[in-house]
Amino acid sequence: MNLVERVDAYGRQHDLWQPGRALVVACSGGPDSLALLDILNRLAPLYRISLTACYVHHGIRRAADDEVALVRQEALRRHCGFAWQYVDVPALARKEKASEEAVGRRERYRILRETARACGADRIAVAHHADDQAETVLLHLLRGSGLDGLCGMAPRRGDIIRPLLAVTKAELTAYAAQRQLPVCHDETNDSRRYSRNRIRLDLLPQLQQYNPAITADLNRLADIVRADEVFLENAAEALYQQLALPDGAMPALDKKGLLAQPLAMQRRLIRRLWQEGTGSRQDLPFHYVETIRDLAAKGAGKQFQCGRACVYTTRTALCLGPAVPRWRRHR
């Protein structure tokens, strides 16, 4: 089975695209994304898919000016649509006091989604591959992530699809050379300023000395954990619906039912309560979860101010409401 056939089989296995629909392809001009564009273009007639290549200029590299023209040329040569947009990531990062990595990622997906809406596409294909998956798992492991981080990247998450997750970087490089794709080199990938680059350039090569198959093994770990995580999350959601108290004012859980659960499920239910009250699972570190668990075992009238939320107890419930303004706390 050649590489195009493997990507086709992977796409069908994970339901990555639908016949007759439009796809946006994130394309930077590197070997991975140009290979993705080329492979999807070869598959497009089989599924009657229309493609639009989208280049995001992050305002970091001068070479990106030339790469816009190259990606446009490669898209038009395949009779695909083309779109691009400029965003000054360094300026935004300075203004927000955030990292260029985080701001660049956010802006990239914002622009890709704007492009998708403009051309009627409901899915966006990105060129993450098996080596990227291994780096992601290691990155999350080093940050002390739970199971959700060890899941790595899913083949499909919402509108984002990753058709190349089962393909290695070496295979994509060989494919690009065989197809004589005019690839570009992004020199920022060589910089050790970024933690992901240090993992790719330094840590993974060292780990390969202990286990030459480390990339494949980390990908298998992500697949195993992802399946377990889906099962546990479904179980937690069903239990949350049983224990949620329908008082209507703010989300609350039955304390007795919560504390009767295994430790792992208690933590998941607390994260679900946080999501219900704040709309996100962000800004909930592990020590907050443990403090809230301890709070649930106490009597009525106890509370914990945690960022933008306040968790408090009644006689029977663990409740989550908006944070109490500081001036009101000390009246």
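Ala, Val, Leu, Ile, Met, Phe, Trp, Tyr, Cys and Pro count as nonpolar, Asp, Glu, Lys and Arg as charged, and the others, Gly among them, as polar. Keep that handy for the first exercise, and bear in mind that this is a predicted model.

**Exercise 1. Work out which residues line the largest cavity and how they divide into nonpolar, polar and charged.**

Solution. Start with the search: over the whole structure, one cavity of 30 Å³ or more turns up. The volume of the largest cavity is about 40 Å³. Next, list the lining: Leu 16, Trp 17, Gln 18, Arg 21, Ala 22, Leu 23, Ile 49, Asp 122 and Arg 123. Now sort the names. Leu, Trp, Ala and Ile go in the nonpolar bin, Arg and Asp in the charged one, and Gln falls to polar. The tally for this lining is five nonpolar, one polar and three charged.

**Exercise 2. Find the strand order of the open six-stranded sheet, and say which strands sit at its edges.**

Solution. Reading across the sheet, the order is 3-2-1-4-6-5, with mixed pairing. The edges belong to strand 3 (81-86) and strand 5 (156-157), each of which pairs on one side only.

**Exercise 3. Trace the chain through strands 1, 2 and 3: what sense does the pairing have, and what handedness do the connections show?**

Solution. Take the strands pair by pair.

- Strand 1 (residues 22-26) runs parallel to strand 2, with five bridges between them. Here Val 25 has Ala 53 of strand 2 as its bridge partner.
- Between those two strands comes helix 2 (residues 31-47), and the three elements make a right-handed β-α-β unit.
- Strand 2 (residues 50-57) then pairs with strand 3, again in the parallel sense, over six bridges. Cys 54 stands opposite Ala 83, and Val 56 has Gln 85 as its partner.
- Helix 3 (residues 64-77) links this second pair, giving another right-handed β-α-β unit.

What about burial? Seven of the eight residues of strand 2 are buried, so the rest of the structure largely encloses this strand.

**Exercise 4. Describe how strands 8, 9 and 10 are joined, and how covered strand 9 is.**

Solution. First, strand 8 (residues 303-306) and strand 9 run antiparallel, joined by four bridges. Gln 305 and Cys 310 are bridge partners in this pair. The two strands form a hairpin with two residues between them, and Gly 307 in the turn has a positive phi of about 70°.

Second, move on to strand 10 (residues 317-322), which runs antiparallel to strand 9 with five bridges. Ala 309 partners Pro 322 here, and the hairpin connection takes three residues.

Third, check the cover. Strand 9 (residues 309-313) has four of its five residues buried, so call it mostly covered.

**Exercise 5. Asp 15 and Gln 180 have positive phi angles without being glycines; place each one and decide whether it is exposed or partly exposed.**

Solution. Asp 15 has a phi of about 55° and is found in the loop between helix 1 (3-13) and strand 1. Gln 180 also has a phi of about 55°, and this residue lies in the loop between helix 8 (169-178) and helix 9 (195-210).

For the accessibility call, you need the cut-offs: under 20% is buried, over 50% is exposed, and in between is partly exposed. Asp 15 has 40% relative accessibility, so it counts as partly exposed. Gln 180, with a relative accessible area of 68%, is exposed.

How values were computed:
Residues are numbered from 1 along each chain as its sequence is written. This is a predicted model: local features need pLDDT of at least 70, side-chain atom pairs count only at pLDDT 80 or more; totals for chains, interfaces and linings use all residues. Side-chain values use heavy atoms; hydrogens and water are left out. Two strands pair if DSSP finds at least two bridges between them. Buried means under 20% relative accessible area, exposed over 50%, partly exposed in between (1.4 Å probe, protein chains only). On a 1 Å grid over the protein atoms alone, a cavity is a set of points where a 1.4 Å probe fits but cannot get out, and a pocket is an open set with protein on both sides within 12 Å along at least five of seven lines; lining residues have an atom within 4 Å of a point. Grid points are joined across faces, edges and corners, and a volume is the space filled by probe spheres set on the points. A crossover is right-handed if, with the strands pointing away from the viewer, the path from the first strand over the helix to the second runs clockwise.
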